Amino acid sequence: MSRNTVRSNGSFSYKNIEELKNDIERLDLDIAISNNLDVFKKTITIGEHTIPNLLTTHPMEGGDSDEFGRPTELTFRKYQRMARGGAGLIWLEAVSVCKDGRSNDKQLWITEDNWEYFKALNDLIKSSAKEEFGEDYEPKTIIQLNHAGRYCKMKGKRNPIIATHKDPLDDAIRISEDYPTVTDEYLDNLVVRFVEAARLSKKAGFDGIDIKACHGYLLGEILSAYNREGKYGGSFENRTRLMRDIVQRIRLDKECKGLLLASRLNIYDALPYPDGWGVSRTKGIKVDLEEPKKLIKLLAEDGVRLISTTMGNPYFIPHINKPYDMGNYVPDEEVIISCNRLIKEIGEIQQSNPEVNIVGVGYSWFRQLAPYVGAGSLEKGLCKLVGFGRGSISYPNFARDIFKSGEMKLNRVCVSCSKCSEMKAKIGTCGCVVRDSKVYLPIYKDMKSKEVETNE
Ligand SMILES: Cc1cc2nc3c(=O)[nH]c(=O)nc-3n(C[C@H](O)[C@H](O)[C@H](O)COP(=O)(O)O)c2cc1C
Ligand code: SF4
């Protein structure tokens, strides 16, 4: 990416809260600010699970498993650092539910043969947090279960599994018009795969599971399979069937009893109809939250009370998903506008679904000012928990510093340089090249020296 890396308009330059407030006023944005960082210290109880504070890590796929999907030293290291960092909810990255659903050969994949490694990972998270904060402290853990759909790779080669054709996304990864879509039978069977993975996650000790339906992956793609024939395409009921079947089957499953049911869900794809979900059918890529709101209500009835909302497709329009200062194209809007979209529309979802606990996203870009923006969102009721994605790998201690010293330190924050994303796209394995340079800079340099061709 570095040969083509470009700077976004309106890159981060605020020296203090006042400068940020002036910009919010200038652009008439919905971003709220609060100095009351104690708001993060509240707890939240969902069913039998109490999350000890309102800060969470977002899932960050690190591509550091072995060939069998087992976590390795790098995986253990990453989560131990996060556990010691004090976030009340540690939301683990995308873990595949089946071999052909992996995003690459280094993606975590939970199986009957390796669940004990995941148990060791969960145990490490819990024990490290206790060592740091005392015996009575226990962060909650959610494992993200996924099928990578059109972004599957095997043995280094693309192995797309698509539910429907989407011209712009097909073109981007060279899927031809006659490439077959996945059968209903495959999808029926996927329900079983998710239930099995949920059982193993429960056995491994995780507090909850996330049924991932976002970012262009299989379950996210089906939500906008308007043109698919059969029981998983067309009507709202059909397009949401797979996700709801999975949730309902897990909820009824005896071996999954007590699991906190959660989902990482796109509320807006930013692709025009009929390729996008959460998008107006007549007005280009205008946001239309009617269907996402309806789905969230149904999921809540099915027992899903924790939803981490997100937008866009990181492979195709990353600025919608993770607003950046440096990336491989210049977005057609200032970066703060992209953050505002995330915060505002997620707020709209939270306010129309007060019974659901929504995790907000869009905070890492605000660097040292992020805690004030997050606190503002909580106070204004725009979400019930505040999450950090890139911020959690660049600065695993972010929560501890917010609680102990009332700040996020300037020399630790994410600078939204997109190097971790570049690594994820090119070699799978990724981490923070800037703030965790001892480990990830050599891997990044090695990748650059080999000039691995990207096809993301
Ligand atoms: C390298 C990288 C890996 C990611 N992996 C995942 C993932 O496994 N699952 C997921 O739901 N989102 C994933 N995301 C998206 C983040 O969870 C988050 O939504 C995004 O980075 C925006 O939040 P931030 O501004 O706090 O970084 C990833 C993002 C990056 C940059
Ligand atoms: S490499 Fe580090 S600083 Fe750069 S975007 Fe990723 S997390 Fe942020």
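Let's start at methionine 82. Leaving aside residues up to four places away in sequence, methionine 82 touches Thr57, Ile90, Ser392, Ile393 and Pro396. One caution before going on: this is a predicted model. Methionine 82 is found in helix 2, residues 73-84. Buried or exposed? Methionine 82 counts as buried, because its relative accessibility is 2% and the cut-off for buried is under 20%. Now a distance. Glycine 63 is 19 residues from methionine 82 along the chain, and their C-alpha atoms are separated by 17 Å.

Keep Ile393 in mind. Ile393 touches methionine 82, and Ile393 is also one of the residues around ligand 2.

So, on to ligand 2. Which residues surround ligand 2? From the 390s come Arg390 and Ile393. Then there is a run: Cys414, Val415, Ser416, Cys417, Ser418, Lys419 and Cys420. Cys432, Val433 and Val434 complete the list. How does the shell divide by character? Eight residues are nonpolar, two are polar and two are charged. Two helices each supply at least two residues of that shell: helix 13, at 390-394, and helix 15, at 419-427.

Some of these shell residues deserve a closer look. Cysteine 414 is buried, at 10% relative accessibility. Cysteine 420 is buried too, with a relative accessible area of 13%. With those cysteines in the shell, you may ask about disulfides. How many disulfides does the structure hold? Zero. As a reminder, a disulfide is a covalent bond between the sulfur atoms of two cysteines.

Serine 418 is another shell residue, and its backbone stands out. Phi of serine 418 is near 70 degrees, a positive value in a residue other than glycine. Where is serine 418? In the loop between helix 14, residues 398-405, and helix 15. Serine 418 counts as buried, at 9% relative accessibility.

Now the aromatics. A search of the whole structure finds 11 aromatic pairs. Take phenylalanine 12 with tyrosine 14. They form an edge-to-face pair, 5.3 Å centre to centre, with 85 degrees between the planes. Both phenylalanine 12 and tyrosine 14 are buried. Phenylalanine 12 also pairs with tryptophan 365. That pair is edge-to-face as well, at 5.3 Å centre to centre and 80 degrees between the planes. What does this pair tie together? Phenylalanine 12 lies in the loop between strand 1 (6-7) and helix 1 (17-26), and tryptophan 365 in the loop between strand 13 (357-360) and helix 12 (370-380), so the pair links parts that are 353 residues apart in sequence. Tryptophan 365 is buried, like phenylalanine 12. Put together, Phe12, Tyr14, Trp365 and Phe366 form one aromatic cluster.

Stay in that second loop for a moment. Arginine 367 has its place there, between strand 13 and helix 12. Its phi is positive, about 50 degrees, although arginine 367 is not a glycine. Arginine 367 counts as buried, at 17% relative accessibility.

One more ring. Lysine 294 places its charged end over the ring of phenylalanine 236, 4.3 Å from the ring centre.

Last item: a cis peptide bond. Which bond is cis? The one from tyrosine 273 to proline 274, with omega near 10 degrees. Proline 274 lies in the loop between strand 10, residues 260-268, and helix 9, residues 290-301.

Note on methods
Residues numbered from 1 in each chain as written. Chains lettered and ligands numbered in written order. Predicted model: local features only at pLDDT ≥ 70, side-chain atom pairs only at ≥ 80, totals over all residues. Heavy atoms only, no water. Phe/Tyr/Trp six-rings, centres within 6.5 Å; stacked < 30°, edge-to-face > 60°. Buried < 20%, exposed > 50% of the residue type's maximum accessible area, 1.4 Å probe, protein only. Helix = DSSP H or I, 4+ residues; strand = E, 2+ residues; numbered from the N terminus. Lys NZ or Arg CZ within 6 Å of the ring centre and 35° of its normal. Near = heavy atom within 4 Å. Nonpolar A, V, L, I, M, F, W, Y, C, P; charged D, E, K, R; others polar. Contact = heavy atoms within 4.5 Å. Disulfide = S-S within 2.5 Å.
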